[in-house]
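User: I would like a close look at one part of this model, with the rest of the chain brought in as context. Please keep it plain.

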Amino acid sequence: MQPRNMSMSGVVDLAAVKAAQEAKAKAEQARAQAAREGGAGAVSPADLVIDVDEAGFERDVLQRSAEVPVVIDFWAEWCQPCKQLSPVLERLAVEYNGRILLAKIDVDANQMLMQQFGVQGIPAVFAVVAGQALPLFQGAAGEAQIRQTLDQLVQVGEERFGLTGLTVDPDAVPGGQAPAQAPAAGPHESLLNAAAQALDAGDLGGAVQAYKNVLAEDPAHPEAKLGLAQAELLQRVQNLDPQKVRQEAAEKPSDVQAQISAADLDLVGGHVEDAFGRLIDTVRRTAGEDRDAARLRLLELFEVVGAEDPRVSEARRALARALF
């Protein structure tokens, strides 16, 4: 998945004089109100990354965007590119020291927000500045590109909307509670860290091997099973030509390998039901080795998404009907 829309195209519309004046006035009113109420005080670095749902969106995103540009990270637990991008965004949110606020939205639990922003696939990153939305990019992106986009976003917020950002106290503790002790590292922590580092570096083969090393010692390790399934999926699709694969799948519905490759691309693009449905249909109309190949790939994709996902449960029932 290649990043796109990395430039701040669309900013011209945001900079319309009337909108800018209104937004700046709102920001000034919000700061004045906070001052009258004694101020919200400094936030801790941990408060610069927040989880947001539909119920809290207006409070946590729209209202806060009158103080600071809010970057929205649309993600899901099953999305491997999200697992590479989100830690970078979280680290940068802290590094920018209050000039941005990162709001993380789980698309599986917040479908309405996903639809309202017109998200077609994940990861997808948007910003809200003084109540107005901007698309930033979709798909995994390099850190240098992300920094450039965030720098432009901060500049827009400061120069055109008068956003001053948040005051950060590095010694502040979220909620006024004592910091929790770090959990003890598990027996496979070093191998799992090696896998994560390999993914960050784009070394899918190294990540696959690291997860396999964990499973060699603990075959039921849930994190390693999930990580292996996701890394192998990314490894399978990294050299595919999406347009060619989808064309072959459309033209050759009986070509099992074409359907399998298209299902992999469906899942990487966030189209879970499409991937499952494609393979279930393939199982239904094939037999022998072809049916086994489609069934086994479907089971592998179940591992990528996770057994607790309701879409997996529904697809398992559909697979049973197709088989029997």
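Is the link of C79 and C82 right-handed or left-handed, and how many degrees are there about the S-S bond?

Analyst: The link of C79 and C82 is right-handed, with 80 degrees about the S-S bond. This is a predicted model, and the angle is computed from its atoms. The sulfur atoms of C79 and C82 lie 2.4 Å apart, and the pair counts as a disulfide because the cut-off is 2.5 Å. C79 and C82 are both buried. The structure holds one disulfide, so there is no second one to set beside the link of C79 and C82.

For the chain as a whole, the model has 14 helices and five strands. Of its 324 residues, 44% are buried. Among contacts with a separation of 6 or more, 72% are between residues 24 or more positions apart.

Next come some backbone features in the loops. The loop between α4 (80–95) and β3 (101–106) contains N97. The phi angle of N97 is positive, near 55 degrees, although N97 is not a glycine. N97 counts as partly exposed because its relative accessibility is 47%, which falls between the limits of 20% and 50%.

A130 also has a positive phi, near 50 degrees, and is likewise a residue other than glycine. The loop that holds A130 runs between β4 and β5 (132–138). A130 has a relative accessibility of 13% and therefore counts as buried.

A cis peptide bond, with omega about 0 degrees, connects I122 to P123. P123 sits in the loop between α5 (111–116) and β4 (124–129).

Two pairs of C-alpha atoms show how parts of the chain are placed in space. P135, in strand β5, has its C-alpha atom 8.4 Å from that of A124, eleven residues away along the chain. At 41% relative accessibility, P135 is partly exposed. The second pair leads back to A130: the C-alpha atoms of R64 and A130 are 8.2 Å apart, with their positions 66 residues apart in sequence. R64 belongs to the loop between α3 (57–63) and β2 (70–75). Its relative accessible area is 21%, so R64 counts as partly exposed; the limit for buried is under 20%. Leaving out residues up to four places away in sequence, R64 touches R59, V70, L101 and L166.

The remaining part concerns helix packing around α9. Two packed helices are described by the angle between their axes and the distance between the axes. Helix α9 (residues 222–237) packs against α11 at about 120 degrees, and the two axes are 10 Å apart. At that angle α9 is oblique to α11. The crossing of α9 past α11 is left-handed. From α9, the residues in this contact are L233, L234, R236 and V237, and they meet D264, L265, L267 and V268 in α11. By class, these residues are six nonpolar and two charged, with no polar ones.

D264 is a residue of α11 (residues 256–268). D264 is buried because its relative accessibility is 2%. Apart from residues up to four places away in sequence, D264 is in contact with L233, R236, V237, R297 and L301. Of these, R297 and L301 also appear in the contact of α9 with α13.

For helix α13 (residues 288–305), the angle to α9 is about 120 degrees and the axes are 8 Å apart. That angle makes α9 oblique to α13. The crossing of α9 and α13 is left-handed. Here K225, L226, A229, Q230, L233 and R236 from α9 meet R297, E300, L301, E303 and V304 from α13. This contact divides into five nonpolar, one polar and five charged residues. L233 and R236 of α9 thus take part in the contact with α11 and in the contact with α13, and D264 touches both of them.

Technical notes:
Residues numbered from 1 in each chain as written. Predicted model: local features only at pLDDT ≥ 70, side-chain atom pairs only at ≥ 80, totals over all residues. Heavy atoms only, no water. Helix = DSSP H or I, 4+ residues; strand = E, 2+ residues; numbered from the N terminus. Buried < 20%, exposed > 50% of the residue type's maximum accessible area, 1.4 Å probe, protein only. Contact = heavy atoms within 4.5 Å. Axes fitted to C-alpha atoms, helices over the stretch in contact; angles between N-to-C directions. Parallel < 35°, antiparallel > 145°, perpendicular 65-115°, else oblique. Left-handed = near helix turned anticlockwise from the far one by under 90°. Nonpolar A, V, L, I, M, F, W, Y, C, P; charged D, E, K, R; others polar.
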